[in-house]
Number of protein chains: 2
Amino acid sequence: MRNPPLTPVLAIDIGGTKVEAALVDTLGVVVPNSRHRAGTGPLATSANLADAVTQVVALTLAALPYESVLLGVGIGCAGPISLLDGAVSPLNLPVWRGFPLRDLVHSLMPGVPVRLRMDGLCITLAEHWVGAARGFDNVMGMVVSTGVGGGLILGGNTVSGPTGNAGHIGHIEVGGFDDPCACGGTGCLEAVASGPRTVAWARAQGWTGHSGEDLGAAYSAGDPVAARAIARSGRALGQAIASATTLLDLDIVTIGGGFAQVTPDLFSFARASIALRTEFDYARRVRVVPSALSGDGPLIGAAALVHRASLVPEA
Amino acid sequence: MRNPPLTPVLAIDIGGTKVEAALVDTLGVVVPNSRHRAGTGPLATSANLADAVTQVVALTLAALPYESVLLGVGIGCAGPISLLDGAVSPLNLPVWRGFPLRDLVHSLMPGVPVRLRMDGLCITLAEHWVGAARGFDNVMGMVVSTGVGGGLILGGNTVSGPTGNAGHIGHIEVGGFDDPCACGGTGCLEAVASGPRTVAWARAQGWTGHSGEDLGAAYSAGDPVAARAIARSGRALGQAIASATTLLDLDIVTIGGGFAQVTPDLFSFARASIALRTEFDYARRVRVVPSALSGDGPLIGAAALVHRASLVPEA
């Protein structure tokens with residue numbers, strides 16, 4: 001008996017520093033040797049970025065196995081995005097404002113269905129499919145890294161929002177903080193608890209390191225400023241999760257991203273903050289756990305837009 | 001040609017001071033003379049409350065027109081609630097903690113389907129059906145009164161949450177406020193912007209009135225403390241709405257409840273606060289409008305749990 005032909009999805013992930021693509025199979029596994037990456041660098045023009053997308057898509061398509069059928073294309077992109085016209089305006093890619101990403105990708109593979117969503121939503125789909133949120137239907141997937149992003153699955157379905165921007169947990173307010181945010185707000189979670197902002201706060205208190213990795217090492221070595229910095233960001237994460245789960249009645253929150261790995265104690269501080277923050281049983285029950293995804297997570301999530309299409313209503 | 005028989009829903013609304021019931025028809029209209037009410041008073045025991053429910057249900061059932069068929073029963077109740085066992089624990093009815101409300105109502109009308117949700121969700125369904133949110137699919141319905149409650153419709157479907165408590169907008173944090181909240185938190189929207197809390201803040205600043213109505217009158221007469229109090233609560237409402245719409249990508253927020261009518265300027269302050277709070281186009285686009293429901297709103301919303309059942313997934 002022959003194996004049926006593969007029906008992979010071509011997944012694309014676009015962030016502040018790189019463009020990646022890969023084929024992802026029906027079990028949420030990246031097809032060997034199909035993953036390709038192009039750096040985007042701070043000097044990249046809009047055309048450079050478009051070329052990078054074109055290039056990684058071509059390389060990935062070349063890895064399509066004989067007789068396999070491309071089921072569709074899933075794109076995860078940093079927000080904000082616009083589902084109406086498939087254009088993207090990632091905060092951290094200033095040369096792309098209203099860039100017609102979905103049209104570009106469509107032109108590379110005519111006739112193949114293309115779905116676009118925010119990267120935070122894709123991560124959440126990946127956690128729900130093959131990660132730490134398996135078996136839960138009310139999920140917030142968070143990424144704590146250069147920024148703070150996220151996505152939502154409520155009642156088993158993704159929540160994209162009509163414009164595609166639901167899940168921006170980084171821009172809800174946390175009480176007791178007045179850090180200015182790039183979005184125009186004050187005391188946004190991202191302005192407090194992102195990796196760079198946590199490092200900047202520690203430096204303002206006299207700590208002399210430079211990166212999240214440095215801060216994690218200092219924390220482990222017992223540096224008191226590093227301890228206060230990580231407690232502060234963990235507390236802010238917990239307060240934001242408490243607000244979100246009070247509003248949304250979540251089962252589980254997964255947290256990935258580089259800065260989420262600074263120390264496991266970041267999670268302890270967040271959990272303690274939730275416990276302090278609310279007496280509602282339904283809010284206190286929320287689980288806050290580390291991501292269980294590999295580095296393939298964002299691509300698996302982008303592929304889930306097609307492989308798990310029934311969870312992704314049209315906007 | 002005969003009119004088809006009526007298929008009304010028996011709607012029940014339970015709040016901090018009263019129990020109401022009525023028959024609501026398929027167009028969202030209360031059947032004449034079917035609405036009944038019983039006060040619950042601060043001294044009511046758990047049994048008194050149960051008797052009040054039993055009594056208003058019996059009076060309302062007696063109004064069921066000849067040959068009409070009861071389609072079901074919808075109950076809206078102040079939260080928290082527990083959908084798993086149909087029990088309720090309204091914050092402002094302390095004698096009911098884990099009270100089996102759904103079972104009680106079921107025992108009064110055996111064989112008739114009974115659905116229970118939070119009152120804030122019911123209000124939101126009513127705004128979406130016959131009120132200010134008609135034609136929108138991403139809605140937060142708010143009530144600003146003794147407390148601050150709400151409900152959510154996202155992508156055209158209600159979001160109940162697995163325990164039934166999604167929509168508690170009153171307990172998300174607003175930055176820059178440190179008012180203690182009954183839920184155990186600090187700086188919750190409800191602790192700042194409810195009617196009684198706004199009045200209490202004004203009194204702490206030297207104003208001598210006693211009620212939300214007094215405060216509205218003082219505001220209209222140009223009292224400077226009343227002006228600051230209402231601006232403060234409006235600002236907090238706007239900040240909370242900004243957080244919610246940043247996270248959820250809402251189309252419209254409706255605000256009802258007694259204190260929402262203190263002055264139309266409350267809405268202006270809230271809108272100005274949103275505009276100040278965020279530069280994201282998708283968040284700034286949210287409309288903030290007064291409720292368009294009559295006093296029948298909560299009952300119409302409870303009836304919508306059955307009449308509009310396709311919008312209310314099972315939890």
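Here are legends for a few close-up views of this predicted model.

**View 1. Where chain B meets chain A.**
Start with the place where the two chains touch. Chain A brings 42 residues to the contact, and chain B brings 42 residues too. Together the chains bury about 3,200 Å² here, and carbon and sulfur atoms give 60% of that area. Look for E173(B), L247(B) and R277(B): this trio supplies 23% of the area that chain B buries against chain A, more than any other three residues. If you wonder what an area has to do with it, the size of an interface is often given as the accessible area lost when the parts come together.

**View 2. Charged and polar partners across the interface.**
Zoom in on the side chains of E173(A) and R277(B), which meet in a salt bridge with 2.3 Å from N to O. How many salt bridges does the rule find across the interface of chain B and chain A? There are two. Polar contacts turn up as well, with 22 residue pairs found between chain B and chain A.

**View 3. Chain B's side of the contact.**
Which elements of chain B give two or more residues to the side that touches chain A? They are strand 9 (148-154), helix 7 (224-248) and helix 8 (265-277) of chain B. Helix 7 of chain B gives the largest share, six residues. Sorted by class, this side of chain B has 19 nonpolar, 17 polar and six charged residues.

**View 4. An open sheet in chain A.**
Now switch to chain A, where five strands line up in the order 3-2-1-4-7 to make an open sheet with mixed pairing. Strand 3 (36-39) and strand 7 (114-118) of chain A sit at the edges with a single partner strand each, so one side of each has no neighbour in the sheet. On average, neighbouring strands of this sheet are turned by 15 degrees against each other, ignoring direction.

**View 5. Strand 1 and strand 2 of chain A, side by side.**
Strands of a sheet pair through backbone hydrogen bonds, either parallel or antiparallel. Strand 1 (residues 9-14) and strand 2 (residues 18-24) of chain A run antiparallel, joined by six bridges. To find your way along the pair, spot V9(A), which stands opposite V24(A) in strand 2 of chain A.

**View 6. Helices lying across the strands of chain A.**
Helix 1 (residues 46-61) of chain A lies across strand 1, strand 2 and strand 3, and runs at about 25 degrees to strand 2. Helix 10 (residues 297-307) of chain A lies across strand 1, strand 2, strand 4 (72-77) and strand 7, running at about 130 degrees to strand 1.

Definitions and conventions
Residues are numbered from 1 along each chain as its sequence is written. Chains are lettered from A and ligands numbered from 1 in the order in which they are written. This is a predicted model: local features need pLDDT of at least 70, side-chain atom pairs count only at pLDDT 80 or more; totals for chains, interfaces and linings use all residues. Side-chain values use heavy atoms; hydrogens and water are left out. Contact means heavy atoms within 4.5 Å. Buried area is the accessible area (1.4 Å probe) that two parts lose on being put together, summed over both. A salt bridge is a side-chain nitrogen of Lys or Arg within 4 Å of a carboxyl oxygen of Asp or Glu. A polar contact is a pair of N or O atoms within 3.5 Å; within protein, one must be able to donate a hydrogen and the other to accept it, and residues adjacent in sequence count only if both atoms are side-chain atoms. Helices (H or I, at least four residues) and strands (E, at least two) are DSSP runs, numbered from the N terminus. Ala, Val, Leu, Ile, Met, Phe, Trp, Tyr, Cys and Pro count as nonpolar, Asp, Glu, Lys and Arg as charged, and the others, Gly among them, as polar. Two strands pair if DSSP finds at least two bridges between them. Axes are lines fitted to C-alpha atoms, for helices over the stretch in contact, and angles run from 0 to 180 degrees between N-to-C directions.
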